[in-house]
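Me: I have a chain open here and would like to talk it through with you. Can you start once it is on screen?

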Amino acid sequence: MMYAISDSSKWSFLNGTWTDGENGALFPPDGPLGEYMAVRHDLSYADFTATFRFKFACVNGGVRLMFRIQDSRRFYALDVPINGQQSRSRHFWAGLVISEGNGLQRYLTFGLVPGLCSRLSYWYQARVEAKGTRLRAWINDILVVDVEDSTYDAGPIGLASINNPYKINHHFASLAVDGMAETAYEWPGLAQPTPFWICPAPDDVDPESYQSYANIVQGKSGHVLLYLTIGNPNQVETRRAIYVRSTDYGYTWKTAEPATLQQGIGAPLVRQDGSWMCIFSENDTETPLYCYITPDEGKTWKSRKPMMINGSGWPKAWKPGQPVRPIRMKDGSVVLPVICSLYNEPKSPSSIPFYACLVLRSEDDGETWSEPVLADSNHLKPGEPLNPEMGGGLVHAARYFELGIDEVQPNRLLGIGRPERDPYMWQIESCDGGRTWEPAALGHFPGYCPSLTATRSGAIVATTRFPYFAAHLSRDGGHTWEPPVIIDYCIWANQQAIEVESDVVLVTYMGEICLPGKADSRIARLRVTEQGLVLDHPNIQIEV
(Lines give C-alpha, C1' and ligand atoms only; values in the text may rest on other atoms or scores of the structure.)
Protein backbone atom coordinates (compact mmCIF):
# COMPACT_ATOMS: atom_id res chain seq x y z
CA MET A 1 0.00 0.00 0.00
CA MET A 2 1.46 3.36 -1.07
CA TYR A 3 0.92 6.23 1.37
CA ALA A 4 -0.08 9.75 0.28
CA ILE A 5 -1.26 12.81 2.17
CA SER A 6 -4.13 13.52 -0.27
CA ASP A 7 -6.79 12.45 2.26
CA SER A 8 -5.63 14.38 5.32
CA SER A 9 -8.53 13.05 7.43
CA LYS A 10 -6.60 9.79 7.73
CA TRP A 11 -3.51 11.54 9.03
CA SER A 12 -2.47 13.16 12.28
CA PHE A 13 0.15 15.90 12.15
CA LEU A 14 2.39 17.53 14.73
CA ASN A 15 3.48 21.12 14.08
CA GLY A 16 1.85 21.48 10.67
CA THR A 17 0.19 19.64 7.78
CA TRP A 18 2.38 17.72 5.37
CA THR A 19 1.82 17.84 1.59
CA ASP A 20 2.27 15.52 -1.39
CA GLY A 21 4.78 16.16 -4.16
CA GLU A 22 5.79 14.59 -7.44
CA ASN A 23 6.88 10.94 -7.61
CA GLY A 24 5.34 10.04 -4.25
CA ALA A 25 7.11 12.79 -2.31
CA LEU A 26 5.92 13.65 1.22
CA PHE A 27 6.92 17.10 2.47
CA PRO A 28 6.75 18.37 6.04
CA PRO A 29 6.33 22.14 6.39
CA ASP A 30 9.44 24.16 7.03
CA GLY A 31 9.61 26.09 10.29
CA PRO A 32 11.34 26.61 13.65
CA LEU A 33 9.34 24.11 15.75
CA GLY A 34 11.93 21.33 15.78
CA GLU A 35 9.83 18.18 15.43
CA TYR A 36 7.37 17.47 12.61
CA MET A 37 5.33 14.25 12.56
CA ALA A 38 2.86 12.70 10.13
CA VAL A 39 1.03 9.54 11.30
CA ARG A 40 -1.40 7.49 9.19
CA HIS A 41 -3.75 6.88 12.11
CA ASP A 42 -6.55 4.87 10.45
CA LEU A 43 -4.43 1.72 10.12
CA SER A 44 -2.54 -0.23 12.79
CA TYR A 45 0.14 -2.79 12.00
CA ALA A 46 1.77 -5.52 14.08
CA ASP A 47 3.95 -7.29 11.50
CA PHE A 48 4.83 -5.39 8.34
CA THR A 49 7.48 -4.37 5.84
CA ALA A 50 7.74 -0.66 5.04
CA THR A 51 9.85 0.93 2.33
CA PHE A 52 10.51 4.63 1.76
CA ARG A 53 13.03 7.14 0.50
CA PHE A 54 14.46 10.07 2.41
CA LYS A 55 16.64 13.07 1.58
CA PHE A 56 18.54 15.32 3.98
CA ALA A 57 17.75 19.00 3.32
CA CYS A 58 20.20 20.45 5.85
CA VAL A 59 23.02 19.27 8.12
CA ASN A 60 21.12 19.17 11.40
CA GLY A 61 18.32 17.10 12.87
CA GLY A 62 17.30 13.71 11.58
CA VAL A 63 14.76 11.55 9.75
CA ARG A 64 12.55 8.81 11.16
CA LEU A 65 10.15 6.09 10.22
CA MET A 66 8.00 5.60 13.32
CA PHE A 67 6.05 2.39 13.88
CA ARG A 68 3.88 0.65 16.44
CA ILE A 69 3.02 4.17 17.58
CA GLN A 70 0.98 4.46 20.77
CA ASP A 71 0.94 8.26 21.01
CA SER A 72 3.26 11.21 20.35
CA ARG A 73 5.80 10.00 22.94
CA ARG A 74 5.55 6.20 22.80
CA PHE A 75 6.79 4.43 19.67
CA TYR A 76 9.67 2.72 17.86
CA ALA A 77 11.57 4.61 15.17
CA LEU A 78 14.30 3.93 12.66
CA ASP A 79 16.36 7.04 13.36
CA VAL A 80 19.00 8.60 11.10
CA PRO A 81 20.55 11.71 12.70
CA ILE A 82 22.75 14.26 10.97
CA ASN A 83 24.78 17.25 12.14
CA GLY A 84 27.43 19.58 10.82
CA GLN A 85 30.58 17.98 12.24
CA GLN A 86 29.52 14.44 11.43
CA SER A 87 28.38 15.26 7.88
CA ARG A 88 31.50 17.27 7.07
CA SER A 89 33.52 14.20 8.06
CA ARG A 90 31.41 12.02 5.76
CA HIS A 91 30.35 9.34 8.20
CA PHE A 92 26.81 8.01 8.51
CA TRP A 93 25.03 6.71 11.63
CA ALA A 94 21.67 5.03 12.20
CA GLY A 95 19.82 3.24 14.97
CA LEU A 96 16.52 2.15 16.43
CA VAL A 97 14.92 4.40 19.02
CA ILE A 98 12.30 3.44 21.57
CA SER A 99 10.37 6.27 23.19
CA GLU A 100 8.56 5.24 26.37
CA GLY A 101 6.91 8.50 27.44
CA ASN A 102 9.40 9.42 30.17
CA GLY A 103 11.19 12.34 28.49
CA LEU A 104 14.23 10.42 27.31
CA GLN A 105 14.36 8.40 24.09
CA ARG A 106 16.56 5.34 24.22
CA TYR A 107 18.47 3.73 21.37
CA LEU A 108 18.10 -0.03 21.34
CA THR A 109 20.99 -0.03 18.90
CA PHE A 110 23.05 2.74 17.29
CA GLY A 111 26.06 2.45 15.05
CA LEU A 112 28.30 3.63 12.25
CA VAL A 113 27.17 2.49 8.79
CA PRO A 114 30.25 1.63 6.71
CA GLY A 115 29.89 2.34 3.02
CA LEU A 116 27.47 5.28 3.38
CA CYS A 117 28.29 8.98 3.26
CA SER A 118 26.04 11.67 4.75
CA ARG A 119 24.92 13.64 1.71
CA LEU A 120 22.52 16.46 0.97
CA SER A 121 19.99 16.36 -1.90
CA TYR A 122 20.42 12.60 -2.34
CA TRP A 123 17.64 10.03 -2.04
CA TYR A 124 18.45 7.14 0.32
CA GLN A 125 16.41 3.93 0.10
CA ALA A 126 15.20 2.49 3.42
CA ARG A 127 13.31 -0.64 4.51
CA VAL A 128 11.93 -1.50 7.95
CA GLU A 129 10.66 -4.95 8.86
CA ALA A 130 8.82 -5.95 12.05
CA LYS A 131 8.02 -9.61 12.72
CA GLY A 132 6.94 -10.26 16.29
CA THR A 133 9.71 -9.07 18.56
CA ARG A 134 12.36 -8.99 15.83
CA LEU A 135 12.87 -5.51 14.39
CA ARG A 136 15.19 -4.92 11.44
CA ALA A 137 16.05 -2.08 9.06
CA TRP A 138 18.21 -1.51 5.98
CA ILE A 139 19.45 1.64 4.26
CA ASN A 140 20.61 1.27 0.67
CA ASP A 141 20.44 -2.51 1.28
CA ILE A 142 22.86 -2.29 4.21
CA LEU A 143 21.57 -3.83 7.44
CA VAL A 144 21.58 -1.10 10.12
CA VAL A 145 19.19 -2.53 12.76
CA ASP A 146 18.61 -6.08 14.01
CA VAL A 147 17.19 -6.22 17.54
CA GLU A 148 14.61 -8.01 19.65
CA ASP A 149 12.13 -6.02 21.76
CA SER A 150 8.60 -6.70 22.99
CA THR A 151 7.55 -3.33 24.43
CA TYR A 152 5.01 -2.49 21.70
CA ASP A 153 3.17 -5.09 19.62
CA ALA A 154 1.13 -2.97 17.18
CA GLY A 155 0.27 0.56 16.16
CA PRO A 156 0.17 3.03 13.25
CA ILE A 157 3.10 3.98 11.05
CA GLY A 158 4.37 7.51 10.48
CA LEU A 159 7.25 9.74 9.50
CA ALA A 160 9.12 12.42 11.40
CA SER A 161 11.56 15.14 10.44
CA ILE A 162 13.63 16.82 13.14
CA ASN A 163 15.28 20.17 12.40
CA ASN A 164 17.32 22.44 14.66
CA PRO A 165 18.65 25.10 14.53
CA TYR A 166 17.81 25.40 10.83
CA LYS A 167 14.17 25.83 9.74
CA ILE A 168 14.40 23.54 6.71
CA ASN A 169 12.85 20.08 7.00
CA HIS A 170 14.02 16.84 5.44
CA HIS A 171 12.04 15.17 2.63
CA PHE A 172 10.47 11.75 2.19
CA ALA A 173 9.01 9.82 -0.74
CA SER A 174 7.51 6.50 -1.86
CA LEU A 175 6.29 5.31 1.54
CA ALA A 176 4.73 1.88 1.06
CA VAL A 177 3.59 -0.66 3.67
CA ASP A 178 3.00 -4.38 3.18
CA GLY A 179 1.20 -6.18 6.00
CA MET A 180 -2.15 -7.01 7.61
CA ALA A 181 -3.70 -3.78 8.87
CA GLU A 182 -6.09 -3.51 11.82
CA THR A 183 -8.65 -0.68 11.76
CA ALA A 184 -10.55 -1.30 15.01
CA TYR A 185 -8.39 0.36 17.65
CA GLU A 186 -8.41 3.59 19.65
CA TRP A 187 -6.10 6.38 18.45
CA PRO A 188 -5.44 9.16 20.98
CA GLY A 189 -4.10 11.63 18.43
CA LEU A 190 -0.83 13.55 18.46
CA ALA A 191 -0.42 15.99 21.34
CA GLN A 192 2.26 18.63 21.64
CA PRO A 193 4.72 17.21 24.20
CA THR A 194 5.07 19.17 27.43
CA PRO A 195 8.58 20.65 27.75
CA PHE A 196 10.43 18.37 30.14
CA TRP A 197 13.55 20.44 30.76
CA ILE A 198 14.12 22.87 33.61
CA CYS A 199 14.28 26.54 32.58
CA PRO A 200 16.63 28.36 35.00
CA ALA A 201 16.03 31.93 33.77
CA PRO A 202 12.47 32.22 32.42
CA ASP A 203 12.23 36.00 32.80
CA ASP A 204 15.66 37.16 31.63
CA VAL A 205 15.61 37.42 27.83
CA ASP A 206 16.71 39.83 25.12
CA PRO A 207 14.09 40.31 22.38
CA GLU A 208 16.83 40.59 19.77
CA SER A 209 19.18 37.86 20.98
CA TYR A 210 19.50 34.53 22.76
CA GLN A 211 20.26 32.85 26.05
CA SER A 212 23.60 31.46 25.00
CA TYR A 213 26.73 29.84 26.48
CA ALA A 214 26.53 28.78 30.12
CA ASN A 215 28.77 27.36 32.81
CA ILE A 216 28.05 25.86 36.21
CA VAL A 217 29.69 25.28 39.59
CA GLN A 218 28.57 23.86 42.93
CA GLY A 219 30.07 25.41 46.05
CA LYS A 220 30.88 23.88 49.43
CA SER A 221 27.46 25.12 50.59
CA GLY A 222 25.83 22.71 48.13
CA HIS A 223 24.33 25.64 46.25
CA VAL A 224 24.71 25.72 42.47
CA LEU A 225 25.60 28.81 40.44
CA LEU A 226 24.80 29.06 36.73
CA TYR A 227 26.71 31.65 34.71
CA LEU A 228 24.63 32.47 31.61
CA THR A 229 25.48 34.77 28.73
CA ILE A 230 22.99 36.69 26.63
CA GLY A 231 24.12 37.10 23.02
CA ASN A 232 24.35 35.49 19.60
CA PRO A 233 26.47 32.32 19.83
CA ASN A 234 27.07 32.39 16.06
CA GLN A 235 29.04 35.59 16.65
CA VAL A 236 30.52 34.50 20.02
CA GLU A 237 28.75 37.56 21.37
CA THR A 238 28.14 38.41 25.02
CA ARG A 239 25.81 41.39 25.40
CA ARG A 240 25.64 40.80 29.13
CA ALA A 241 25.96 37.96 31.64
CA ILE A 242 23.88 36.85 34.61
CA TYR A 243 24.14 34.53 37.58
CA VAL A 244 21.27 32.24 38.51
CA ARG A 245 21.45 30.27 41.77
CA SER A 246 19.82 27.09 43.01
CA THR A 247 19.68 25.92 46.62
CA ASP A 248 17.99 22.56 45.87
CA TYR A 249 20.46 20.90 43.47
CA GLY A 250 18.99 22.42 40.33
CA TYR A 251 15.29 21.63 40.77
CA THR A 252 14.38 25.31 41.10
CA TRP A 253 16.27 28.54 40.45
CA LYS A 254 16.30 31.97 42.06
CA THR A 255 15.78 35.29 40.26
CA ALA A 256 18.71 36.11 37.98
CA GLU A 257 21.27 38.67 39.12
CA PRO A 258 23.99 40.52 37.16
CA ALA A 259 27.24 38.57 36.94
CA THR A 260 29.91 40.08 39.16
CA LEU A 261 32.68 38.76 36.86
CA GLN A 262 31.51 39.37 33.31
CA GLN A 263 34.08 37.16 31.60
CA GLY A 264 32.60 34.09 33.27
CA ILE A 265 33.75 31.47 35.73
CA GLY A 266 36.27 29.85 33.35
CA ALA A 267 37.46 26.49 34.60
CA PRO A 268 36.20 26.58 38.21
CA LEU A 269 38.02 24.86 41.07
CA VAL A 270 36.29 24.70 44.46
CA ARG A 271 39.12 24.88 46.96
CA GLN A 272 39.33 23.16 50.33
CA ASP A 273 38.54 26.41 52.18
CA GLY A 274 35.36 26.93 50.11
CA SER A 275 36.75 29.66 47.86
CA TRP A 276 36.55 29.30 44.09
CA MET A 277 39.55 29.62 41.79
CA CYS A 278 38.28 30.36 38.27
CA ILE A 279 41.00 29.72 35.69
CA PHE A 280 41.48 31.43 32.31
CA SER A 281 44.20 31.63 29.66
CA GLU A 282 45.72 34.16 27.27
CA ASN A 283 48.36 33.91 24.56
CA ASP A 284 51.84 35.37 24.09
CA THR A 285 52.69 35.88 27.75
CA GLU A 286 55.22 34.31 30.11
CA THR A 287 52.40 33.23 32.45
CA PRO A 288 49.49 32.36 30.12
CA LEU A 289 47.29 30.89 32.86
CA TYR A 290 45.67 33.22 35.37
CA CYS A 291 42.76 33.13 37.77
CA TYR A 292 40.27 35.11 39.79
CA ILE A 293 39.35 33.95 43.29
CA THR A 294 36.03 34.48 45.01
CA PRO A 295 35.78 33.79 48.77
CA ASP A 296 31.96 33.95 48.81
CA GLU A 297 30.67 31.90 45.86
CA GLY A 298 30.69 34.65 43.29
CA LYS A 299 29.50 37.65 45.29
CA THR A 300 32.93 39.34 45.29
CA TRP A 301 36.23 38.69 43.53
CA LYS A 302 39.88 39.28 44.27
CA SER A 303 42.19 40.80 41.68
CA ARG A 304 43.52 38.79 38.77
CA LYS A 305 46.37 36.49 39.78
CA PRO A 306 48.91 34.66 37.58
CA MET A 307 49.19 30.93 38.15
CA MET A 308 52.59 29.70 39.22
CA ILE A 309 53.97 26.83 37.10
CA ASN A 310 57.02 25.02 38.47
CA GLY A 311 60.17 24.06 36.61
CA SER A 312 60.52 25.60 33.16
CA GLY A 313 57.02 27.02 33.25
CA TRP A 314 54.68 26.94 30.29
CA PRO A 315 56.28 25.28 27.20
CA LYS A 316 57.01 27.87 24.51
CA ALA A 317 55.83 25.75 21.57
CA TRP A 318 52.29 25.37 22.84
CA LYS A 319 49.55 27.98 22.45
CA PRO A 320 47.10 27.66 25.35
CA GLY A 321 43.41 27.51 24.60
CA GLN A 322 40.49 26.95 26.91
CA PRO A 323 41.25 25.44 30.34
CA VAL A 324 38.98 22.49 31.11
CA ARG A 325 37.13 22.08 34.41
CA PRO A 326 39.76 20.91 36.98
CA ILE A 327 39.38 17.48 38.56
CA ARG A 328 39.57 17.18 42.33
CA MET A 329 41.17 13.79 42.80
CA LYS A 330 40.20 11.46 45.64
CA ASP A 331 43.62 11.99 47.24
CA GLY A 332 43.03 15.76 47.35
CA SER A 333 45.34 16.74 44.48
CA VAL A 334 44.02 18.71 41.49
CA VAL A 335 44.43 17.98 37.79
CA LEU A 336 44.00 20.82 35.26
CA PRO A 337 43.67 20.00 31.53
CA VAL A 338 44.23 22.82 29.02
CA ILE A 339 43.31 22.47 25.35
CA CYS A 340 46.29 23.67 23.26
CA SER A 341 47.55 24.12 19.72
CA LEU A 342 50.98 24.77 18.25
CA TYR A 343 52.25 28.31 17.72
CA ASN A 344 54.25 27.65 14.57
CA GLU A 345 52.51 24.73 12.95
CA PRO A 346 52.86 24.75 9.14
CA LYS A 347 49.53 25.36 7.45
CA SER A 348 48.15 24.20 4.11
CA PRO A 349 44.62 24.45 2.67
CA SER A 350 43.99 20.74 3.23
CA SER A 351 45.61 20.34 6.66
CA ILE A 352 43.81 20.00 9.97
CA PRO A 353 45.34 22.08 12.78
CA PHE A 354 46.73 20.08 15.66
CA TYR A 355 44.85 20.39 18.93
CA ALA A 356 45.38 18.31 22.04
CA CYS A 357 45.53 18.63 25.80
CA LEU A 358 48.33 19.53 28.20
CA VAL A 359 47.80 18.58 31.84
CA LEU A 360 49.09 20.22 35.02
CA ARG A 361 48.89 18.95 38.60
CA SER A 362 48.68 20.77 41.92
CA GLU A 363 49.43 19.28 45.33
CA ASP A 364 48.70 22.52 47.25
CA ASP A 365 45.11 23.32 46.23
CA GLY A 366 46.03 25.40 43.20
CA GLU A 367 48.78 27.58 44.65
CA THR A 368 51.45 26.05 42.40
CA TRP A 369 51.32 23.71 39.40
CA SER A 370 53.56 21.09 37.84
CA GLU A 371 55.10 21.47 34.41
CA PRO A 372 52.49 20.57 31.77
CA VAL A 373 52.57 17.14 30.13
CA LEU A 374 50.83 16.05 26.95
CA ALA A 375 47.83 13.78 27.61
CA ASP A 376 49.10 11.21 25.12
CA SER A 377 52.21 9.09 24.58
CA ASN A 378 54.20 7.50 21.79
CA HIS A 379 52.52 4.29 20.68
CA LEU A 380 55.25 3.29 18.20
CA LYS A 381 58.29 4.20 20.30
CA PRO A 382 57.27 3.55 23.91
CA GLY A 383 59.13 5.74 26.35
CA GLU A 384 60.04 8.40 23.81
CA PRO A 385 58.22 11.72 24.14
CA LEU A 386 55.79 13.15 21.64
CA ASN A 387 56.93 16.60 20.56
CA PRO A 388 56.28 19.07 17.75
CA GLU A 389 59.70 18.58 16.12
CA MET A 390 59.94 16.85 12.76
CA GLY A 391 59.64 13.13 13.45
CA GLY A 392 58.47 13.84 16.99
CA GLY A 393 55.31 11.75 16.63
CA LEU A 394 52.61 14.43 16.74
CA VAL A 395 51.64 13.74 13.14
CA HIS A 396 50.18 10.43 14.37
CA ALA A 397 48.87 11.65 17.75
CA ALA A 398 45.24 12.15 18.74
CA ARG A 399 43.70 15.43 17.58
CA TYR A 400 40.80 16.78 19.59
CA PHE A 401 39.79 20.26 20.67
CA GLU A 402 37.10 19.87 23.34
CA LEU A 403 37.35 17.55 26.32
CA GLY A 404 35.25 15.93 29.03
CA ILE A 405 37.29 14.20 31.74
CA ASP A 406 37.03 12.89 35.31
CA GLU A 407 38.60 10.49 37.80
CA VAL A 408 36.63 7.31 37.13
CA GLN A 409 38.53 5.06 39.56
CA PRO A 410 41.10 5.96 42.23
CA ASN A 411 44.00 7.69 40.45
CA ARG A 412 42.61 6.75 37.01
CA LEU A 413 41.57 9.59 34.71
CA LEU A 414 39.43 8.99 31.64
CA GLY A 415 38.59 11.62 29.05
CA ILE A 416 36.72 11.91 25.75
CA GLY A 417 37.79 14.47 23.14
CA ARG A 418 35.93 15.99 20.21
CA PRO A 419 37.46 14.74 16.94
CA GLU A 420 37.92 16.76 13.79
CA ARG A 421 37.51 14.03 11.16
CA ASP A 422 37.35 10.73 13.03
CA PRO A 423 33.98 8.98 13.40
CA TYR A 424 34.50 8.18 17.09
CA MET A 425 35.61 10.44 19.91
CA TRP A 426 39.19 10.20 21.14
CA GLN A 427 39.76 8.56 24.51
CA ILE A 428 42.62 9.67 26.78
CA GLU A 429 43.62 7.79 29.93
CA SER A 430 46.05 8.15 32.81
CA CYS A 431 46.55 5.50 35.49
CA ASP A 432 48.72 7.60 37.82
CA GLY A 433 46.70 10.73 38.44
CA GLY A 434 47.72 12.61 35.30
CA ARG A 435 51.50 12.34 35.70
CA THR A 436 51.84 10.10 32.63
CA TRP A 437 49.38 9.11 29.91
CA GLU A 438 48.56 6.06 27.85
CA PRO A 439 48.58 6.37 24.05
CA ALA A 440 45.25 7.94 23.11
CA ALA A 441 42.80 5.64 21.34
CA LEU A 442 39.54 5.97 19.46
CA GLY A 443 36.67 5.67 21.90
CA HIS A 444 33.29 3.98 21.96
CA PHE A 445 30.84 6.48 20.45
CA PRO A 446 30.61 9.61 18.30
CA GLY A 447 30.09 13.09 19.69
CA TYR A 448 31.15 16.69 20.02
CA CYS A 449 31.16 19.33 22.80
CA PRO A 450 31.39 16.60 25.46
CA SER A 451 31.13 16.35 29.20
CA LEU A 452 32.16 13.34 31.29
CA THR A 453 31.19 12.94 34.94
CA ALA A 454 32.00 10.10 37.34
CA THR A 455 29.33 9.57 40.00
CA ARG A 456 29.78 8.51 43.60
CA SER A 457 28.50 5.00 42.88
CA GLY A 458 31.16 4.48 40.21
CA ALA A 459 29.01 5.08 37.13
CA ILE A 460 30.19 7.40 34.34
CA VAL A 461 27.78 9.72 32.52
CA ALA A 462 28.95 11.39 29.31
CA THR A 463 26.91 13.89 27.32
CA THR A 464 27.53 14.84 23.70
CA ARG A 465 26.26 16.84 20.80
CA PHE A 466 25.26 14.01 18.43
CA PRO A 467 23.19 12.06 18.14
CA TYR A 468 21.05 15.16 18.81
CA PHE A 469 21.86 15.98 22.47
CA ALA A 470 22.62 12.58 23.99
CA ALA A 471 23.81 10.91 27.17
CA HIS A 472 25.93 7.76 27.50
CA LEU A 473 26.26 5.51 30.56
CA SER A 474 29.10 3.20 31.62
CA ARG A 475 29.05 1.04 34.76
CA ASP A 476 32.51 -0.54 34.43
CA GLY A 477 34.94 2.36 34.37
CA GLY A 478 34.40 3.21 30.70
CA HIS A 479 35.32 -0.20 29.28
CA THR A 480 31.81 -0.65 27.86
CA TRP A 481 28.93 1.78 27.33
CA GLU A 482 25.19 1.40 26.98
CA PRO A 483 23.59 2.72 23.76
CA PRO A 484 22.94 6.46 23.95
CA VAL A 485 19.74 8.09 25.14
CA ILE A 486 18.41 11.27 23.54
CA ILE A 487 17.94 14.04 26.10
CA ASP A 488 16.79 16.69 23.65
CA TYR A 489 16.74 17.51 19.96
CA CYS A 490 18.85 20.66 20.46
CA ILE A 491 21.76 20.26 18.09
CA TRP A 492 23.89 23.16 19.32
CA ALA A 493 23.95 21.72 22.83
CA ASN A 494 27.09 23.35 24.22
CA GLN A 495 27.07 22.00 27.74
CA GLN A 496 28.64 21.73 31.17
CA ALA A 497 27.90 18.98 33.70
CA ILE A 498 28.57 18.24 37.38
CA GLU A 499 27.35 15.67 39.91
CA VAL A 500 25.17 17.76 42.25
CA GLU A 501 24.04 14.93 44.54
CA SER A 502 24.72 11.23 44.69
CA ASP A 503 24.19 9.70 41.22
CA VAL A 504 22.52 12.84 39.84
CA VAL A 505 24.35 14.66 37.05
CA LEU A 506 23.12 18.17 36.35
CA VAL A 507 23.69 19.33 32.78
CA THR A 508 23.26 22.87 31.49
CA TYR A 509 22.91 23.17 27.73
CA MET A 510 21.88 25.60 25.00
CA GLY A 511 18.35 25.37 23.63
CA GLU A 512 17.09 25.68 20.08
CA ILE A 513 18.79 28.99 19.15
CA CYS A 514 16.14 29.35 16.41
CA LEU A 515 14.19 32.43 17.47
CA PRO A 516 15.49 35.34 19.54
CA GLY A 517 13.77 36.48 22.72
CA LYS A 518 13.19 33.00 24.14
CA ALA A 519 14.05 31.75 27.63
CA ASP A 520 15.78 28.75 26.16
CA SER A 521 18.74 27.91 28.38
CA ARG A 522 17.96 24.41 29.62
CA ILE A 523 18.82 22.17 32.57
CA ALA A 524 18.58 18.37 32.74
CA ARG A 525 19.02 16.34 35.93
CA LEU A 526 20.10 12.83 34.93
CA ARG A 527 19.75 10.20 37.64
CA VAL A 528 21.61 6.88 37.40
CA THR A 529 19.31 3.96 38.29
CA GLU A 530 19.50 0.19 37.94
CA GLN A 531 17.37 0.54 34.79
CA GLY A 532 19.61 3.21 33.28
CA LEU A 533 19.46 6.99 33.05
CA VAL A 534 16.20 8.76 33.90
CA LEU A 535 15.19 12.40 34.13
CA ASP A 536 14.86 13.55 37.72
CA HIS A 537 12.73 16.66 37.20
CA PRO A 538 9.75 18.19 39.04
CA ASN A 539 7.48 17.59 36.03
CA ILE A 540 8.62 14.03 35.20
CA GLN A 541 7.24 10.93 36.87
CA ILE A 542 10.20 8.64 37.61
CA GLU A 543 9.73 4.88 37.76
CA VAL A 544 12.69 3.29 39.53
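Me: How many positive and negative side chains does the chain have, and how far apart are the centres of the two sets?

Reply: The chain has 47 positive and 61 negative side chains, and the centres of the two sets lie 3 Å apart. Lys and Arg count as positive and Asp and Glu as negative, while His and the chain ends are not counted; each charge is placed at NZ of Lys, CZ of Arg, CG of Asp or CD of Glu. This is a predicted model, in which local features need pLDDT of at least 70 and side-chain atom pairs count only at pLDDT 80 or more, whereas totals for chains, interfaces and linings use all residues. Residues are numbered from 1 along each chain as its sequence is written, and side-chain values use heavy atoms, with hydrogens and water left out.

Me: OK, what is the chain built from, helices or strands?

Reply: There are 1 helix and 42 strands, both taken as DSSP runs numbered from the N terminus (helices H or I, at least four residues; strands E, at least two).

Me: And how much of the chain is buried?

Reply: Of its 544 residues, 58% count as buried, where buried means under 20% relative accessible area, exposed over 50%, and partly exposed in between, with a 1.4 Å probe and protein chains only.

Me: Give me one buried residue. Where is Val 507, and what does Val 507 touch?

Reply: Val 507 sits in strand β40, residues 504–509, and is buried, with a relative accessible area of 0%. Leaving aside residues up to four places away in sequence, Val 507 touches several residues, among them Thr 463, Phe 469, Arg 522 and Leu 526, a contact being heavy atoms within 4.5 Å. Ala 497, 10 residues away in sequence, has its C-alpha 4.3 Å from that of Val 507.

Me: Switching to backbone oddities, which peptide bonds are cis?

Reply: Two to look at are the bond joining Asn 164 and Pro 165, with omega about 5°, and the one from Phe 466 to Pro 467, with omega near -5°. Pro 165 lies in the loop between β13 and β14, and Pro 467 in the loop between β36 and β37.

Me: What about phi at Tyr 468 and Ser 121?

Reply: Tyr 468 has a positive phi near 50°, and Ser 121 has a positive phi of about 55° although it is not a glycine. Most residues other than glycine have a negative phi.

Me: Are those two buried or exposed?

Reply: Tyr 468, in the loop between β36 and β37, counts as buried at 1% relative accessibility, whereas Ser 121, in the loop between β9 and β10, counts as exposed at 65%.
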